[in-house]
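This report covers pockets, surface features and salt bridges. The structure comes first, followed by the text.

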Amino acid sequence: MDATHRQDDEAAARAANSRVVRDFGLLIKSATRLEQRIDADLRRECGISHTMLEVLIRLCRKPGDKVSQRQLADELTLTSSGTTRLIDRMEEAGLVRRAPSPGDRRVALVEPTAEGRTAFLRGAAVHTRVVEEFFVKPLAADDYARLTSALSEIDKALRGDTG
């Protein structure tokens with residue numbers, strides 16, 4: 001191995017082992033593992049995925065309101081076609097129903113069914129239990145408050161919200 005190649009390898013190793021790379025990797029790994037745990041428990045105990053629960057959360061926030069598929073896609077950071085397929089599966093399962101928008105017939109509005117609200121309540125209990133056990137409980141109260149505050153600031157920065 002020549003000297004230039006060795007220097008490149010050493011520089012690459014320093015970059016790969018940098019604190020910021022390791023810290024961000026830990027965040028992603030922790031979030032992914034928590035997501036997987038929530039999803040597995042929801043599927044086993046409620047027969048729904050975590051993404052389905054996230055849709056139901058948004059639909060149940062304001063009773064009586066219908067949400068457009070586009071708005072769901074934006075909030076869930078899914079593609080339009082991915083959201084359509086998800087809502088198709090949820091509609092087939094009896095969890096949601098689509099209705100045309102009175103203001104724009106091209107827009108499909110989504111609302112939960114009675115079965116969807118029941119699935120949401122069961123899923124919310126599972127979600128809460130897992131989040132409490134693996135996200136809240138491992139931290140001291142002050143650390144948890146700092147973590148959620150920091151995550152809020154990161155989210156604001158990513159949305160370009162300077163105020």
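A residue is called buried under 20% relative accessible area, exposed over 50%, and partly exposed in between. The model described here is predicted.

## Salt bridges

By that scale glutamate 75 is partly exposed, because its relative accessibility is 35%. Its side chain meets the side chain of arginine 58 in a salt bridge, at 3.1 Å from N to O. The pair links distant parts of the chain, with glutamate 75 in helix H4, arginine 58 in helix H3, and their positions 17 residues apart. Arginine 58 has a relative accessibility of 18% and therefore counts as buried.

In total the structure holds 15 salt bridges. Side chains of opposite charge can pair when their charged atoms come close. Three of these pairs are listed below with their N to O distances.

| Acidic residue | Basic residue | N to O distance |
|---|---|---|
| Glutamate 75 | Arginine 58 | 3.1 Å |
| Glutamate 111 | Arginine 97 | 3.0 Å |
| Glutamate 153 | Lysine 156 | 3.4 Å |

The salt bridge between glutamate 111 and arginine 97 has its closest N and O atoms 3.0 Å apart. This pair also links distant parts of the chain: glutamate 111 belongs to strand E3 (residues 108-112) and arginine 97 to strand E2 (residues 96-100), 14 residues apart. Which of the terms buried and partly exposed applies to glutamate 111? Glutamate 111 is buried, because its relative accessible area is 18%. Arginine 97, at 39% relative accessibility, counts as partly exposed.

The bridge between lysine 156 and glutamate 153 lies within one helix, H7. The two residues are separated by about one helical turn, because they stand three residues apart in helix H7. Lysine 156 is partly exposed at a relative accessible area of 26%, and glutamate 153 is partly exposed at 45%.

Salt bridges also join residues into a network, which links Asp41, Arg44, Glu45 and Arg129.

## Pockets

The largest pocket holds about 1,400 Å³ of space. It is lined by 34 residues, and those closest to its centre are Leu27, Ala31, Leu34, Phe135 and Leu151. Two or more lining residues come from each of helix H2 (19-46), helix H3 (50-60), helix H4 (69-76), helix H6 (114-136) and helix H7 (141-159). Which element gives the largest share of this lining? Helix H2 does, with 12 residues. By class, the lining is made up of 21 nonpolar, six polar and seven charged residues.

The second largest pocket holds about 160 Å³. Its lining consists of Arg58, Leu59, Arg61, Lys62, Asp65, Lys66, Val67, Gln71 and Glu75. H3 and H4 each supply at least two of these residues. The lining divides into two nonpolar, one polar and six charged residues. Arg58 and Glu75, both in this lining, are the partners in the 3.1 Å salt bridge described above.

## Nonpolar surface patch

Phe24, Leu27, Ile28, Leu151, Ile154 and Leu158 form a nonpolar patch on the surface. Together they have about 580 Å² of accessible area. H2 and H7 each supply at least two residues of the patch. Leu27 and Leu151 belong to this patch and are also among the residues closest to the centre of the largest pocket.

Isoleucine 154, one of the patch residues, lies in helix H7. Its relative accessible area is 44%, so isoleucine 154 is partly exposed.

## Individual residues

Threonine 77 is not a glycine, yet it has a positive phi of about 50°. It sits in the loop between H4 and helix H5 (80-92). Is threonine 77 buried or exposed? Threonine 77 counts as exposed, because its relative accessibility is 70%.

Phenylalanine 134 is found in helix H6. With a relative accessible area of 37%, phenylalanine 134 is partly exposed. Phenylalanine 134 and serine 30 are 104 residues apart in sequence, while their C-alpha atoms are 9.6 Å apart in space.

Note on methods. Residues are numbered from 1 along each chain as its sequence is written. This is a predicted model: local features need pLDDT of at least 70, side-chain atom pairs count only at pLDDT 80 or more; totals for chains, interfaces and linings use all residues. Side-chain values use heavy atoms; hydrogens and water are left out. On a 1 Å grid over the protein atoms alone, a cavity is a set of points where a 1.4 Å probe fits but cannot get out, and a pocket is an open set with protein on both sides within 12 Å along at least five of seven lines; lining residues have an atom within 4 Å of a point. Grid points are joined across faces, edges and corners, and a volume is the space filled by probe spheres set on the points. Helices (H or I, at least four residues) and strands (E, at least two) are DSSP runs, numbered from the N terminus. Ala, Val, Leu, Ile, Met, Phe, Trp, Tyr, Cys and Pro count as nonpolar, Asp, Glu, Lys and Arg as charged, and the others, Gly among them, as polar. Patches are made of residues with over 30% relative accessible area and no salt bridge: like charges are joined within 9 Å, nonpolar side chains (Val, Leu, Ile, Met, Phe, Trp, Tyr) within 5 Å. Accessible areas come from the Shrake-Rupley method with a 1.4 Å probe; for residues, only the protein chains shown count as cover. A salt bridge is a side-chain nitrogen of Lys or Arg within 4 Å of a carboxyl oxygen of Asp or Glu. Buried means under 20% relative accessible area, exposed over 50%, partly exposed in between (1.4 Å probe, protein chains only).
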